[in-house]
Structures are given as structure tokens and as C-alpha cells.
Amino acid sequence: MSPGWRRFSRNRAAVVGAGFIGLVLLLTLIGPMVAAGLGLDATTQHVLLGPAPPSLAHPLGTDALGRDLMVRTMEGGRVALRVGLLAAVVALVVGVTWGGVAGLAGGRIDAAMMRLVDVFYSLPQTVFVIVVMAVISSRSELLLVGLIGAISWLTLARIVRAQVLALRASDHVLAARSVGAGFGRLLFRHILPNAAGTIVVYAALLIPGAMLQEAFLSFLGLGIAPPRASWGTLVQEGAAQLVVYPWLLAGPGVIMALTIFALNFVGDGLRDAFDPKS
Amino acid sequence: MIATVVRRAAAAVVVIFCVATFAFFALHAAPGGPFDRERQLSGEARRNVERAYHLDQPVTAQYLGFLDGLVHGDLGWSMKRPQRVAAIIAEGLPASAELAAWALAFAVFFGVGLGVVAAAGRDGPLDHATRAVALLGVSVPAFVIGPLLVDWVALRLDLVPAARWDTAASRILPTLTLGLAYLGVIARLTRAGTVEAAQQDFVRTARAKGLGEATVFFKHALRPALLPVVSYLGPAAAGLVTGSIVVETIFQIPGLGAALVQAATGRDYPVLCGILVFYCVVVVAANLIADLAVAALDPRSRS
């Protein structure tokens with residue numbers, strides 16, 4: 001076991017968090033299929049059953065239309081994890097390119113690019129997402145992924161730039177430069193692979209934030225559109241009917257909060273284990 | 001110092017100009033004409049409406065007109081309500097500003113207090129408790145905490161109103177919901193700053209002079225310990241804006257955030273873009289003020 005993984009495995013909170021995320025992944029990926037075998041799905045309504053509190057047949061209860069909340073929470077988790085992961089990938093690509101080009105180019109280009117990052121950083125990025133979603137008037141998940149990714153890359157760009165600045169004067173980069181390696185080759189073949197570990201760790205830290213963005217937008221009715229379930233829409237429905245059917249908020253709300261908790265623990269654990277400088 | 005202020009202010013104006021340009025072209029790119037309804041307007045009526053909104057002019061003229069209006073504080077007319085955008089903003093601003101002020105005051109007051117206490121009892125129970133609160137604030141979003149507070153504090157215990165924005169008691173739950181995330185971050189920043197300041201040479205010197213612990217802390221250690229908190233308040237402004245959107249929705253507060261959501265779901269593009277520009281002005285100004293405050297507080301930055 002490498003020293004990094006050994007450090008990680010000694011971090012109890014991170015290990016428990018990783019286990020919990022494994023469980024959530026299992027439930028969201030396989031859960032809906034198992035439920036389908038039992039004759040349950042996320043959208044079929046049982047109006048006669050109506051809103052029922054948690055029971056053996058429906059562990060998290062059912063909503064006002066008689067839909068099983070457990071399956072809806074698993075489906076919502078699938079959407080949340082997919083959006084979080086893909087948005088982090090978008091942010092990874094943009095952030096690495098932006099920070100890498102700025103760091104390697106240096107001088108005025110670097111100053112201008114990083115100044116732009118500072119400016120974006122200070123603006124209320126989520127409001128821009130709301131405006132674009134409303135103007136395009138689409139509720140597609142792909143657009144949501146793109147927009148959340150487009151506002152999540154700023155921290156990563158700063159970190160990648162710092163890494164590139166530290167690496168660009170090293171001997172192997174000078175050697176590559178002296179035999180005529182171009183800008184892109186220097187950056188993507190000789191510099192960034194050496195920073196890959198750090199970059200991946202910080203990209204993992206983006207996932208919980210992106211999931212919260214999705215839930216936030218869906219809660220406001222500007223993200224994933226009903227009847228599809230997402231953790232944001234489930235919490236919104238639960239909050240609206242909290243007084244009469246408290247279990248509508250309890251199940252999805254607690255599971256979402258625990259998942260984000262766990263992702264933060266794992267992210268912090270990975271950072272502490274693999275980026276000891278921080 | 002004055003040169004810095006002027007340079008930063010000029011940069012802020014450029015940023016606002018870029019945001020306004022984005023807002024205009026977002027407005028322009030909105031699908032369909034603003035008056036596409038089920039029932040089409042007849043030719044003459046349509047031309048009249050288009051003239052009223054300057055839609056008969058070329059894009060460049062519209063853009064210049066938009067910027068000209070912006071400089072004069074005029075953001076045009078709402079497309080859904082017989083009101084100017086500026087009037088809608090003026091209507092929502094008092095409630096939003098008050099909510100943000102309460103939340104910030106709550107977060108700074110208790111955050112700094114908790115942070116200092118946590119630093120004093122390092123690795124003690126209170127230190128762990130503030131870390132837990134900080135993590136809670138970051139991980140559990142306001143739209144989960146808010147409804148839970150409504151359920152327990154307002155409906156079950158019946159201590160405060162569940163919604164609206166009229167009595168003094170109605171301020172409590174929205175303030176808690178919005179402020180909790182910042183309380184956690186500020187407590188952690190204060191703790192880190194205090195721990196670091198306590199190890200500085202000038203603090204040791206102050207102790208060596210025989211000053212009491214209270215004097216050392218309040219006159220020497222506190223100021224550098226709070227610098228990270230002050231510089232965090234600028235970026236926090238952007239978060240407060242975003243957070244107030246969801247808090248105003250939960251508690252039915254007639255503020256700017258509620259107006260923004262209404263405009264977004266109702267496709268009232270001029271209101272949407274007007275509030276975006278207004279938010280950015282506020283946030284850019286807050287960042288500018290925070291930066292200048294740090295410069296004023298930090299003797300190392302004086303030249």
C-alpha cells in the first residue's frame with residue numbers, strides 16, 4: 001500500500017464516508033432495478049394508496065400520489081450523482097486547461113487569465129446559471145451539467161496554475177523544451193501528468209458542491225423538471241407538505257445531507273493523504 | 001492608497017459593464033418574441049408595443065439605449081407587470097438587505113466568538129463542536145435546514161412565525177437559516193487566525209512585557225486574527241445573495257430573491273437581467289469594500 005493510501009486508511013471519518021458513498025452508489029445503481037423486480041418504480045401513481053408513512057412495503061413512505069419514496073430517492077440520487085460527477089469532469093477539463101495555459105504561458109497572458117478568474121470568483125455565479133436556464137428555457141440535464149461545470153472550475157484553475165508554476169522550471173521540462181517540444185506537448189505530456197494526483201483530488205472535492213448546485217436549482221424549480229425525481233425536487237415537495245406528511249422531507253433530506261457530508265469527508269481525507277503540503 | 005482605490009474602482013466598473021453586456025445579450029437571445037402569446041397581436045398594436053420597448057430599432061441602438069438607461073439607473077420595463085424593473089428592485093430591496101444584514105451580523109458575532117473559544121480550548125470539546133457546526137453549515141443546504149426549523153421551532157414549539165416578514169420574531173428563522181453556513185466558515189477562519197496570531201513574535205513580546213492575557217488578546221492578537229475573516233466577507237456577499245434566493249422562497253419573504261425566482265419561472269427577462277446586474281453591482285462593491293478594509297487594517301500593506 002502506498003503511503004498516501006495508508007494515511008487515508010487511518011482517517012476514520014474518511015473511511016466511514018467512503019463506505020457510505022459505496023452504499024449510496026450501490027443503492028442508486030442497482031436499487032431501482034431491484035425495486036422494479038418487486039413491482040415498484042419512481043413514477044407509477046397509486047392514488048388510492050395516497051401518502052402513507054414509512055412501512056415494510058415502502059421503507060421511506062409514499063408521496064401524495066402514492067409513489068414509493070424509496071425508489072424516488074434512489075432515482076433522485078442517481079440524477080444527483082450523475083450531475084455531480086459529470087459537472088466535476090467539465091470543471092476538470094476547463095480548470096486544467098485554463099490554469100495550465102496560464103501557468104505555462106506566464107507574463108501578461110497569465111495575469112489576464114487569472115484576473116478573469118478572480119472576477120468570476122467574486123460574482124454570484126449561480127444567478128448566471130439561473131438566467132441562462134431561464135433564457136434557454138430548457139430543463140435538459142446536459143445543459144445543467146454544462147452550466148454547473150462552467151461555474152465550478154475556478155478553484156481548480158488556481159491550483160493547477162500553482163502546480164504548473166512549480167513544475168515548469170524542472171529539469172525534465174527544460175530538456176523537453178530544448179529538443180523543441182511545443183506548448184501543448186510540454187503542458188499535457190511533461191507537466192500535467194506530474195500533477196495528476198493533486199488535480200484528481202481537488203476535482204473530487206468539486207463533486208459535493210456540484211450536487212448541491214443541482215439540488216439548489218431543482219428546489220427552486222429551475223433544474224430537473226417533474227415528474228422526474230431529483231434530490232432537489234424531492235426536498236422541495238417534502239418542504240411544501242412538511243406539516244402534514246413529514247416523512248416526505250425526512251428521507252430524501254437526510255440521505256442527501258449524509259451523502260454530501262460523506263463526500264466532503266472523503267475529499268478532505270484524500271487531500272490530506274495525497275497533498276500533505278496543504 | 002488613493003491610487004489603489006481608484007484602480008480597483010475602475011476595474012469594478014469594467015466588470016459591471018461586462019455583466020451588463022452579458023445581461024443585454026441574454027435578454028436578446030431569449031427564444032421567441034417577448035409578445036408571442038397564444039393570441040397574436042394585430043399589426044398596428046404589435047408595432048406600438050415594439051416601439052414602446054424599442055424593439056423596432058437595430059440591435060446596436062438597443063444595446064446603447066440599454067447601457068444609457070443603466071447609467072441613469074433605468075433598467076426598462078417588466079414584461080409581465082405594469083412596473084419598471086427599477087421599481088420592482090426598489091420594492092424587494094429593503095427586505096433582502098435587512099435579511100442579509102441580520103444574517104451577516106449573526107454569523108460574524110457568533111462565528112468570531114465560537115472561533116476564539118475554539119482556539120482557546122484547542123482540540124477540546126468546544127473545538128470539535130465548532131468544527132461539526134462548520135461542516136454542518138457547508139454540507140446541509142439551507143433548503144433542508146430552513147424547512148426543518150419551520151417544522152420544529154415554528155410549528156411544533158410554536159415559538160416564532162413560520163413565514164412572512166412583518167413582526168420582529170419573523171426575522172429569527174430566516175436569519176438562522178441564511179447565517180448558519182457563514183457562522184461555520186467564520187468560526188473556522190477565526191480559529192485558524194487566532195491560533196496563528198498566538199504564535200507570532202509580537203504576541204510573545206507583548207506577553208514578555210508583562211501585559212495581561214486580555215490586553216494581549218484584544219490589543220495585539222485579535223486584529224491580525226480577524227484579517228482572514230474580513231477578506232472572506234467580500235466573497236461571502238456572493239454567497240449571501242445566492243442563499244437569500246432560497247431563504248426568501250422558503251419563508252415567503254417579499255425580497256429580491258423571491259422576485260428573481262418569480263421572474264425566472266415566469267420568463268420575465270427584463271426583470272431577470274435587471275436583478276442580475278443589480279446583484280453584481282452589490283457584490284462587486286462588497287468585494288471592493290472588503291479589500292479596502294483589509295488594506296486599512298493590515299499595517300503591512302501600507303507603503
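These questions and answers cover a predicted model, with chain A at the centre.

Q: What makes chain A an all-helix chain in terms of its element counts?
A: Chain A has 13 helices and 0 strands. The order from the N terminus reads α-α-α-α-α-α-α-α-α-α-α-α-α.

Q: How do you know which residues of chain A and chain B are in contact, and how many are there?
A: Two residues are in contact if their C-beta atoms lie within 7 Å. By that test, 31 residues of chain A are in contact with 38 residues of chain B.

Q: Which elements give two or more residues to the side of chain A that touches chain B?
A: They are H4 (107-122), H5 (125-136), H11 (206-219), H12 (231-240) and H13 (247-274) of chain A. H5(A) gives the most, with 7 residues.

Q: What is the make-up by class of the side of chain A that touches chain B?
A: That side has 25 nonpolar residues, 6 polar ones and no charged ones. Gly counts as polar here, so the polar group may include glycines.

Q: Why is the pairing of H3(A) and H4(A) given an angle of about 145°?
A: Angles run from 0 to 180 degrees between N-to-C directions. H3 (residues 69-105) of chain A and H4(A) pack at about 145°. That value is over a right angle, so the two N-to-C directions run more against each other than along each other. The axes are 7 Å apart, and the crossing is left-handed.

Q: Which residues meet where H3(A) packs on H4(A)?
A: From H3(A) come Trp98(A), Ala102(A), Gly103(A) and Ala105(A). From H4(A) come Gly107(A), Ile109(A), Asp110(A), Met113(A) and Met114(A). By class, this contact has 6 nonpolar, 2 polar and 1 charged residues. Asp counts as charged and Gly as polar, so Asp110(A) is the charged residue and Gly103(A) and Gly107(A) are the polar ones.

Q: What makes a residue of chain A count as buried, and what percentage do so?
A: A buried residue has 20 or more other C-beta atoms within 10 Å of its own. Of the 278 residues of chain A, 46% count as buried.

Q: Which residues touch the most other members of the largest nonpolar core?
A: Leu156(A), Ile186(B), Leu272(B) and Ile275(B) do, in a core of 162 residues. H3(A) gives the most to this core, with 17 residues.

Q: What does Ile186(B) touch, beyond residues up to four places away in sequence?
A: Ile186(B) touches Ala107(B), Val108(B), Gly111(B), Val112(B), Gly115(B), Val229(B) and Tyr232(B). Glycine is not in the set of residue types for a nonpolar core, so Gly111(B) and Gly115(B) are not core members.

How values were computed
Residues are numbered from 1 along each chain as its sequence is written. Chains are lettered from A and ligands numbered from 1 in the order in which they are written. This is a predicted model: local features need pLDDT of at least 70, side-chain atom pairs count only at pLDDT 80 or more; totals for chains, interfaces and linings use all residues. Helices (H or I, at least four residues) and strands (E, at least two) are DSSP runs, numbered from the N terminus. A crossing is left-handed if the near helix is turned anticlockwise from the far one by less than a right angle, and right-handed if clockwise. A residue is buried if 20 or more other C-beta atoms lie within 10 Å of its own, exposed if 12 or fewer, and partly exposed in between; C-beta atoms are placed from the backbone. A nonpolar core is a set of buried Ala, Val, Leu, Ile, Met, Phe, Trp, Tyr and Cys residues joined through C-beta atoms within 7 Å.
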